[in-house]
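Reader: Got a minute to go through this one with me? Pull it up and let's chat.

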Amino acid sequence: MPKGPNCCVQSKGEWVPAIRGRKVKNGFEVSFPGEPGKVVVKAANDVKPLSFSKKRSRKQLHSGRPGGYSSYKNRENIRINGLIMRSRDVGALKGCILKFKQSLNIINCMTALNRLAKLSDHSQNPNGIAIIQEISSHTSQLLHNKSSECRFRQIANGIWACGKLASPKSISYLHGLMMELVSKGLTLASEAKAQEISNTIWGIGKMCAFSESNKSTLKFWTEFGKLLEKFSPRLISEMNGQGLANSIWGLAKLGPSASCIPWSFLDQLLRQLKESIQRMNPQECVNSLWGWTKLLRSLRWIGDRRAELKATTIALLNYLETNRTSSKGLTAQQLANACWAKAVMISSLHCEYSFDPTKSGDIFNDGRLRFFKLNVQEKTMILSSFASIPVGKAPGLWENVLQLKTESKFENGNIFSHLSAPQLIITLQALCKSNRDCPKALLDALQSCFRNLEIRDLLSSQDVSALAWSIAKLSTSSQNEWIDERHTSFLTLAADRSCALMESKSGMNPKHLSLLIWSLAKTRTRHDQMVDLAAHQSTKQARDFNPRDLANMAWGLAMMNSGNAKLRKQAVASLAKEARAKFNDFNAQEASKFLWAISKCSVKDPELDQLAMKQTTLSFTFPNLGEAPVNVQTIRGGGRNLKHTGTAVWDASFILAEFLSRQSKAGSSILKPFLSKSWKKTLKQKSVDGKSLDFSDIWEGKKGIEIGAGMGLPSIVLAKKGVNMTTTDGDPRVLELLKTNMQRNPPSRPTPIPNVTKLSWGEFKSKKEARRYLSVDRGFDVIIGSGIIYGADEDTFSSLALTMSQLSDKNTMIILAHGQGAAPGVHKGEGLFFTTMKRFGFRVRQIKPSYLHEDYQDQQCFSVHILRLMTEKEKKSKKTRKAKALNDNDGRKKKRLKKLKGLQSKHIA
């Protein structure tokens with residue numbers, strides 16, 4: 001028997017959907033969905049095709065059986081539905097709804113929302129909001145009172161319509177309705193079909209951009225996650241390309257809320273996508289590519305499954321580029337989305353790419369060649385995608401783009417002259433994030449835009465903060481004089497515009513306001529009116545600030561020397577009250593920055609001080625160490641406030657621990673080039689296809705030490721990797737917590753728990769004394785340290801360098817990680833510490849930023865360096881290079897002198 005209805009049978013004067021079976025002597029076997037047993041229908045006239053029921057009035061269909069139209073029992077509702085569907089504009093639709101308001105059922109309400117979503121003028125017409133308000137309240141009442149009339153197809157249609165109608169004005173009415181629809185959908189998920197699932201996900205993703213996070217939304221995302229779990233795997237396997245693309249697009253739009261997605265659902269979606277790639281059209285392929293790339297950036301919790309997702313994303317891109325027909329058939333918007341996705345794959349997902357301007361089928365080449373045929377929004381997206389690729393990746397691409405010139409006689413030369421002020425700011429921000437030099441032409445174009453006062457008045461809160469942040473980043477990192485000349489004028493303009501925004505009803509977003517204050521404080525820009533308004537707004541809206549915004553805002557107000565000092569102090573005090581409630585969400589950097597700010601402003605808050613001194617447990621998951629988390633006991637506020645900086649877990653500690661967790665097999669380890677010869681000899685070799693590959697673990701049986709360990713997160717990781725670790729610190733308060741952390745996280749291998757020892761830098765006079773104290777007969781195989789090179793104390797740096805040299809030998813590898821607040825020049829491998837280490841005979845090499853965790857690839861703020869003693873051969877080659885360079889310089893000088901003499905003799909003659 002077929003699975004679903006395939007005919008209609010006349011029963012008691014009504015046409016009922018049925019399942020027609022085999023032919024028998026007396027007629028046909030027929031069964032009804034949801035009912036046991038079979039019935040033999042004798043008369044041929046009593047059996048009609050399923051389409052016959054659609055031509056007939058829907059009220060004739062039987063209402064008691066599943067699959068029937070139970071909500072259409074009333075003729076009046078059928079007539080109302082027809083009138084709603086025939087409404088040609090918002091005004092007619094509103095009149096119809098108001099006229100029949102008391103008679104509307106759930107199907108009528110969902111039909112009205114769908115019709116409104118499909119009308120082109122709903123966003124411009126004020127009647128649209130009135131309809132949404134009426135329908136939302138009426139549907140909520142029906143869902144409570146007559147929920148039995150509702151089916152999942154109505155739920156899916158309603159959610160799709162809510163997503164289509166979502167806007168800043170309508171979100172307050174639609175959000176409550178969406179929550180009720182999802183709650184009702186939980187009970188009806190078994191009825192769902194493939195298309196209805198994709199419509200549901202698409203609608204929720206579309207509306208997510210306008211919703212704000214609070215307790216009610218957290219409940220909503222929990223219920224949405226449960227709904228996804230209830231969907232049958234069979235239905236996902238029935239999705240076509242469009243359904244898959246819409247589902248992936250909707251999930252990607254969730255952003256940080258994507259953590260509610262159950263992996264079981266994502267896994268099913270992934271399997272279906274792998275099977276459907278070759279059958280997708282260009283639009284479906286681009287939407288899926290954009291969605292998966294976005295998901296990879298959002299889903300921090302998927303751990304080792306990230307590699308599988310990454311492989312699928314690369315397969316989508318390869319299909320799009322190798323299939324030349326699909327690549328040529330991309331619209332401008334699809335091309336811009338594909339360029340963005342590929343840029344993210346290169347910059348964040350460590351995908352290899354080499355730019356070739358002659359290569360056919362390359363998405364980047366298509367975007368570059370079609371650049372001047374695109375609209376402003378598409379140009380901005382492509383340009384910011386190219387600009388966001390960090391220096392060193394895709395060499396030659398950005399330089400080639402800068403040389404593009406339009407062939408049109410009526411348009412002005414460079415690529416930036418075609419962009420508006422907001423688009424120029426987006427491009428400038430992308431350049432600053434990727435640490436690229438800012439072209440002078442971009443700032444010229446921005447300056448010419450701002451000469452028009454009307455353009456200044458159109459800048460949004462986001463534009464103003466992005467402009468201020470970018471200029472602050474440029475002015476503190478670039479050596480170009482022309483940037484230093486202009487940065488004050490741009491920052492003043494941003495401050496002036498922010499004053500107008502704060503005086504208006506809309507105000508400024510807390511995130512944008514805190515970023516603006518931080519930028520002005522960083523560049524020491526004075527603006528009394530703006531600072532006073534910002535202090536006043538932050539006092540009123542302190543509840544809306546998240547931990548990062550609280551820290552930036554408090555630090556900026558503390559650093560400012562302009563505005564009313566009393567107002568600034570009051571603002572910081574109100575922010576301190578809010579920080580108490582959110583202090584568990586602060587990381588070490590944010591807590592340290594905030595506590596420093598309140599002490600700078602002389603704000604006393606005993607409750608906050610108690611919270612800062614309280615011990616808390618932080619959990620870290622490293623995919624290559626298994627599923628068991630690493631639990632670290634720490635003091636969140638253990639920064640400047642407590643004078644015990646080691647009691648907090650800083651970014652540098654996590655960067656080093658995460659980096660070390662990924663270095664295992666010698667054949668694939670980034671550290672292999674830095675290993676000494678004797679270290680390499682201990683590795684087991686295995687020959688595959690004539691090539692000798694290293695499959696052994698580089699850490700197995702090695703001895704290591706962490707200097708200035710703090711809470712010892714990197715030591716725990718290496719101990720779990722099989723290294724016999726010694727963890728050291730000079731602070732007795734830190735050593736107590738350090739012992740606790742080592743005991744709470746024992747190695748899974750037969751490796752002893754790391755030994756915790758007090759060690760002060762520079763306290764030993766010789767290598768023998770240092771090694772005897774630490775119970776070793778030779779230098780350690782690996783020495784690690786994180787966030788230990790900060791401040792400007794030359795004696796401290798010299799003592800640290802001396803201690804490291806005493807614990808090292810020719811086989812030792814030193815790995816150091818640095819975060820924000822490192823000493824000047826450290827991220828570039830310069831400064832007093834590295835100079836001292838070079839004098840001791842060490843060679844310094846930096847790990848590429850792209851090999852670090854994707855959240856810490858800003859080479860101006862985070863870095864990892866490898867140090868190793870130079871061999872005699874390396875020392876000789878270094879001397880040879882120096883001698884050769886001196887000889888070359890002497891030769892050049894002689895040639896110049898000869899040339900000058902020749903010119904002088906010619907002149908005299």
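Author: Sure. Let's begin with Thr634: leaving out residues up to four places away in sequence, Thr634 touches Lys614, Gln615, Thr616, Leu618, Thr647, Ala648, Val649 and Met711. Keep in mind that this is a predicted model.

Reader: Which strand does Thr634 lie in, and is Thr634 buried or exposed?

Author: Thr634 sits in strand β7. With a relative accessible area of 2%, Thr634 is buried.

Reader: What does the side chain of Thr634 reach?

Author: The backbone oxygen of Thr647, at 2.6 Å from the Thr634 side chain.

Reader: OK, helices. What span should α34 have at 1.5 Å a residue?

Author: Helix α34 covers residues 732–744, and its 13 residues should span 18 Å. The C-alpha atoms at its ends are 19 Å apart, which agrees.

Reader: And which residues of α34 are buried?

Author: Val734, Leu735, Leu737, Leu738, Asn741 and Met742 are buried in α34. Looking down the axis of α34, the buried residues fall within an arc of 170°, so they line one face of the helix. On the other side of α34, Glu736 and Gln743 are exposed.

Reader: What covers the buried residues of α34?

Author: The cover includes the strands β6 (615–620), β7 (630–635), β11 (724–729) and β12 (755–758), along with helix α33 (713–720). So β7, where Thr634 lies, is part of what covers α34.

Reader: What caps the N-terminal end of α34?

Author: Asp731 does, with a side-chain oxygen 3.0 Å from the backbone nitrogen of Arg733.

Reader: Let's switch to α29. How many residues has it got?

Author: Helix α29 has 13 residues, 588–600. From first C-alpha to last, α29 reaches 18 Å, close to the 18 Å expected at 1.5 Å a residue.

Reader: Which residues are buried there, in α29?

Author: In α29, the buried ones are Ala588, Gln589, Glu590, Ala591, Ser592, Phe594, Leu595, Ala597 and Ile598. Their cover includes α27 (547–559), α28 (565–582), α30 (606–613) and α31 (651–661).

Reader: What happens at the start of α29, and what comes just after α29?

Author: At the start, a side-chain oxygen of Asn587 comes to within 3.1 Å of the backbone nitrogen of Gln589. Just after α29, Ser602 has a positive phi of about 60°.

Reader: Zooming out, which residues of the largest nonpolar core touch the most other members?

Author: That core has 186 residues, and Leu251, Leu254, Ile261, Leu428, Met530 and Phe594 touch the most other members. Helix α16 (residues 332–347) gives the most to this core, with 11 residues. A second, separate core of 46 residues includes Leu656, Leu671, Leu713 and Val734.

Reader: And what does Leu428 touch?

Author: Not counting residues up to four places away in sequence, Leu428 touches Cys438, Leu442, Leu443, Leu446, Leu467, Ser470, Ile471 and Leu474.

Reader: New topic: is Glu321 buried or exposed?

Author: Glu321 is buried, with a relative accessible area of 14%; the cut-off for buried is under 20%. Glu321 lies in helix α14 (residues 306–322).

Reader: Which residues is Glu321 in contact with, beyond its neighbours in sequence?

Author: Leaving aside neighbours within four places, Glu321 is in contact with Lys342, Gly361, Asp362 and Ile363. Glu321 and Ile363 are 42 residues apart along the chain, and their C-alpha atoms are separated by 6.6 Å.

Reader: Last one: how many disulfides?

Author: The count comes to zero. As for individual cysteines, Cys96 is buried at 8% relative accessible area, and Cys499 is buried at 4%.

Note on methods. Residues are numbered from 1 along each chain as its sequence is written. This is a predicted model: local features need pLDDT of at least 70, side-chain atom pairs count only at pLDDT 80 or more; totals for chains, interfaces and linings use all residues. Side-chain values use heavy atoms; hydrogens and water are left out. Helices (H or I, at least four residues) and strands (E, at least two) are DSSP runs, numbered from the N terminus. The expected span of a helix is 1.5 Å times one less than its number of residues. Buried means under 20% relative accessible area, exposed over 50%, partly exposed in between (1.4 Å probe, protein chains only). The arc is that of the directions from the helix axis to the C-beta atoms. Contact means heavy atoms within 4.5 Å. A polar contact is a pair of N or O atoms within 3.5 Å; within protein, one must be able to donate a hydrogen and the other to accept it, and residues adjacent in sequence count only if both atoms are side-chain atoms. A nonpolar core is a set of buried Ala, Val, Leu, Ile, Met, Phe, Trp, Tyr and Cys residues joined through side-chain atoms within 4.5 Å. A disulfide is a pair of cysteine sulfur atoms within 2.5 Å.
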